[in-house]
Amino acid sequence: MNILLYGVAAEIAERIAERYSLKMTSSLVDPGEPAGLQLIPPMSSPRQLLAFYNAMLVRESEIDAVIVCDRGSCDAVSTVQYCSPQGKFFTVSGDAGEEELEYAISRIVETKLGRVCAHEGI
């Protein structure tokens, strides 16, 4: 399982990884390896965006979720959305407090891990 986070503070990503026993990675994990959580660094240059886009296309079937925080804060978000596998792109509000943001990300991760249905608690 591969979960990618973009625009999320490293501290929140580390807590999520620890809570769900996910391995913090710098690249996608191979099938059969322990589940990984990758924090995507900010990208601004066309070269970085192209490299990211190509990497996503090559390993598209291995990506379980791409979670983006604060969609309006960065031009790269549209590239991240465009190269994310269909139905696996999620956004969370960057206006929320740290606790609310962590909760929203946790719900997405729990759904992907099969621990909760997306509509539970509504």
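Is Cys 83 buried or exposed? Cys 83 counts as buried, at 2% relative accessibility. The views below come from a predicted model.

**View 1. The whole chain has four helices and five strands.** Along the sequence the pattern runs β-α-β-β-α-β-α-β-α. The C-alpha trace spans about 40 × 35 × 25 Å along its principal axes. A compact globule with 122 residues would have a radius of gyration near 14 Å, and the chain agrees, at 14 Å. Buried residues account for 38% of the 122 residues. Of the contacts with a separation of 6 or more, 62% join residues 24 or more positions apart.

**View 2. The largest nonpolar core holds 19 residues.** Leu 22, Leu 37, Ile 67, Ile 105 and Val 109 touch the most other members. Strand E1 (2-6), helix H1, strand E4 (65-69) and helix H4 each give two or more residues to this core. Take Ile 105 as a centre for the close-up. Neighbours within four places in sequence are left aside here. Ile 105 is then in contact with Leu 5, Val 8, Ile 12, Ile 16, Ile 67 and Val 92.

**View 3. Another core, of 16 residues, lies apart from the largest one.** Its members include Leu 28, Ile 40, Val 66 and Cys 83. The last of these, Cys 83, is buried at 2% relative accessibility.

**View 4. Cys 69 and Cys 83 are both buried, at 7% and 2% relative accessibility.** How many disulfides does the structure hold? The structure holds zero. The buried label rests on a cut-off of under 20% relative accessible area, so Cys 69 at 7% falls within it.

**View 5. Tyr 53 and Tyr 82 form the one aromatic pair.** Their ring centres are 5.9 Å apart. The planes meet at 15°, so the pair is stacked; the cut-off for stacking is under 30 degrees. Tyr 53 sits in helix H2 (residues 46-58) and Tyr 82 in helix H3 (residues 77-83). The pair thus links distant parts of the chain, 29 residues apart. Which of the two labels, exposed or partly exposed, fits Tyr 82? Tyr 82 is exposed, with a relative accessible area of 63%. Tyr 53 is partly exposed, at 23%.

**View 6. Arg 15, Arg 19, Glu 98 and Glu 102 are linked in a network of salt bridges.** Side chains of opposite charge can pair when their charged atoms come close. Within the network, Glu 98 and Arg 15 meet at 2.8 Å, N to O. Glu 98 lies in helix H4 (residues 98-112) and Arg 15 in helix H1 (residues 10-19). This salt bridge links distant parts of the chain, 83 residues apart. Arg 15 is partly exposed, at 32% relative accessibility.

**View 7. Two further salt bridges are Glu 33 with Lys 23 and Arg 59 with Glu 62.** A search of the whole structure finds five salt bridges. For Glu 33 and Lys 23, the closest N and O atoms are 3.8 Å apart. Glu 33 is in the loop between strand E2 (23-25) and strand E3 (36-40), and Lys 23 is in strand E2. They are ten residues apart. Glu 33 is partly exposed at 34% relative accessibility. Lys 23 is also partly exposed, at 41%. Arg 59 and Glu 62 meet at 2.5 Å, N to O. Glu 62 has a relative accessible area of 21% and is partly exposed.

Note on methods. Residues numbered from 1 in each chain as written. Predicted model: local features only at pLDDT ≥ 70, side-chain atom pairs only at ≥ 80, totals over all residues. Heavy atoms only, no water. Phe/Tyr/Trp six-rings, centres within 6.5 Å; stacked < 30°, edge-to-face > 60°. Buried < 20%, exposed > 50% of the residue type's maximum accessible area, 1.4 Å probe, protein only. Salt bridge = Lys/Arg side-chain N within 4 Å of Asp/Glu carboxyl O. Core = buried A, V, L, I, M, F, W, Y, C linked by side-chain atoms within 4.5 Å. Contact = heavy atoms within 4.5 Å. Disulfide = S-S within 2.5 Å. Rg over C-alpha atoms; globule rule 2.2 N^0.38 Å.
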